[in-house]
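Here is a short briefing on a protein model. Look over the structure first, then read the points below.

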Amino acid sequence: MKHLKILSTIILFLSTYFNIIAQTTIQETADVFFPEKVVIALNHPYFNYAVNDAYLKGMKYETTFGEESFNGKYRTSVPHVSLMTNPMENKDAYEFEMRSAKLMGIDAFKFEFRPLGSDFYIRQFKKIFAAYVKVAEEREIDFKFTIAVEMNRNKSIPVTHMMMKVEKNLNELFETTNFSKKWLRTGNGKVIVFTKFTQKVIDEGLVKLYSKQFVKDPSLMEKVADVYSSLRNKLKDDVAFVYQADVVGNNYFVNQVLDHFPAVYTARGIQTYEKGIDNLKRICKNRKRPFVQSVFSDGQGVQLYSKVNNKKVDEGSKYAQTVQNRDLYIKGNNYKMTGTLRKLLEKGVNRDADAFCVSSWNFYDAGSHFAPEIHHGYGPGLLLNYYKNQWKNGVTTTQDEMVMVSFKNYMTGGLNKNTGITVKVNSRFYKLPEMDSVEIVTVLNEQGEVYCNNEFVGTAPKGVYAFYVPKEKGDIHVRVKRGKESVINYLVPKNIQAAEENIDFLTYTFSNLDRKYASYSQEIILNNEIEQMRKRFLISRQDQIDWKMAATERFITNLEAIQKYGHDSEKYLSIQDKNYKKYKLQIKSILEDLHYEIWCELEESAQNNKGMLTLDDDVDDVLKGYNILPGTQNLK
């Protein structure tokens, strides 16, 4: 008996000793988790504008906004980049995504990886991710990369199978990127890997309210941690896993997580639970752990539902192709124009977060993207940049003063007085001042008087301020005055049309700086494109300038036309064709006849490129498109 007591004491000592060592190791990593404050944005690997490995059908007007058939989902987005140029060589496309994201204040891309996806998806993912890293290295772009591994599974899939695939593919990524310094790393050199559905690596974590059981039985969190510890030991680079916390109001549970993981982050869906997020921030501060602020823009998925059974309509299904608009509805979400974005950014600054996680750079289908497209320009990104400067540097002024105008293109009280698809809004969240008005946000270095359509709105103080004005059909003209001087004079490029035949529940957001930053973005593309033309056709310096001017003029005129007439595909395509003929004549005046013929062949080849024909992924609905505002003709 005495020997048993001694043995028990030794085992207890060793257990406590190794636990202390583990805790110390975790804390050491946590203390230097983010060497500097960083903004990380989720990147969709297929929604760049690359000639070979992009889903170009999901980015071009003709197959998105211009489609007549809904086919199961709305789709709304036409990215600016698709109007700026033809699909680019892969390396140029990846460079553009990084440099344009940096203009918006983003420091790193996070790519979601689903180990249980199809073989095609996994091959493409690894290929594109590694190419991004290589381009950042070769072109000396100050940018980082990380991965969020989705551990989503059901009981029929053994966790050993899933973790084997995680191990295999992460190791291949480490090797193909040569253990690059472009990976987002902790201060002690560990690769930061985010996890989604972190707890699902054990069967007890598969249930919806798993946290109740975890709180009662702390050994369950230990089991979760053991799975990740085992995985970490098999990886060829040192890794620090970040836990995705979806339970933030329970102190005991949060502390359980932090006993085994150096950092946590939260999903977008729980940001409205402010008390819980503040509690998480407090615990992180007390335990000297990094706090990650989640940030998202308007963000509304507009999945179609059937009025018959209230079920989602499967995209591409026979029912989706034949159902009438009158038998469908969409769920309208109230994100208060830019109100939610501004609030989250301000919260992140006030909480002195260690990192911002932006929910989407280019997930256009979710409607929460920061990458500029025809309905959401550069304003949200510039707003992010403003708060980032305040957060990192304590600077409360801006290089360029800005007004940002947002609206939904239907009239007050007319949400469902239409002949098209019904919009169902949750009345508990539906707030008339934010939803049924025009929102005007000012970002000023000193106070100014704000006017909308020559009517005095109010005096905006220094910094960020929002007004809501009554919505009327027609143009929106905003001026900011100081004394007799107009410091900002901005006519919004799209007017309020409020067509009743099809409800348009999108949030449109434009700013007076859109044109300026569009030029900055296109310059990234043109620098590569003109250099290629110079080498190919030996054009002079002046010819290069003229070429850039012609390309810029074509982009701007197409952008203005699509914002004004995008809902009428026949009219817009006619204008687009006219602009292209003018552009070709301008290029013809630059090149010799033979070179011009060669250029025309290159143009035709690029325009005919279809990129990836299918996403070939039946795991995640986010990757599949939606369509809104049908045109006057079928363009498929």
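Leu594, Ile598 and Leu602 make up a nonpolar surface patch, sharing about 250 Å² of accessible area. This is a predicted model: local features need pLDDT of at least 70, side-chain atom pairs count only at pLDDT 80 or more, and totals for chains, interfaces and linings use all residues. Residues are numbered from 1 along each chain as its sequence is written, and side-chain values use heavy atoms, leaving out hydrogens and water.

**Surface patch**
- Patch residues have over 30% relative accessible area and no salt bridge (a side-chain nitrogen of Lys or Arg within 4 Å of a carboxyl oxygen of Asp or Glu).
- Nonpolar side chains (Val, Leu, Ile, Met, Phe, Trp, Tyr) are joined within 5 Å, like charges within 9 Å.
- Areas come from the Shrake-Rupley method with a 1.4 Å probe; for residues, only the protein chains shown count as cover.
- Leu594 sits in helix 17 (residues 593–608).
- Helices (H or I, at least four residues) and strands (E, at least two) are DSSP runs, numbered from the N terminus.

**Four-strand sheet**
- Strands pair if DSSP finds at least two bridges between them.
- An open sheet has the order 15-14-17-18, with antiparallel pairing.
- Strand 15 (455–460) and strand 18 (485–491) each have a single partner strand, so one side of each lacks a neighbour in the sheet.
- Five bridges link strand 14 (residues 448–452) to strand 15.
- Val450 faces Gly458 in strand 15.

**Eight-strand sheet**
- Eight strands form an open sheet in the order 6-5-4-3-2-1-10-7, paired in parallel.
- Strand 3 (residues 144–150) and strand 4 (residues 191–196) share four bridges.
- Ile147 stands opposite Val193 in strand 4.
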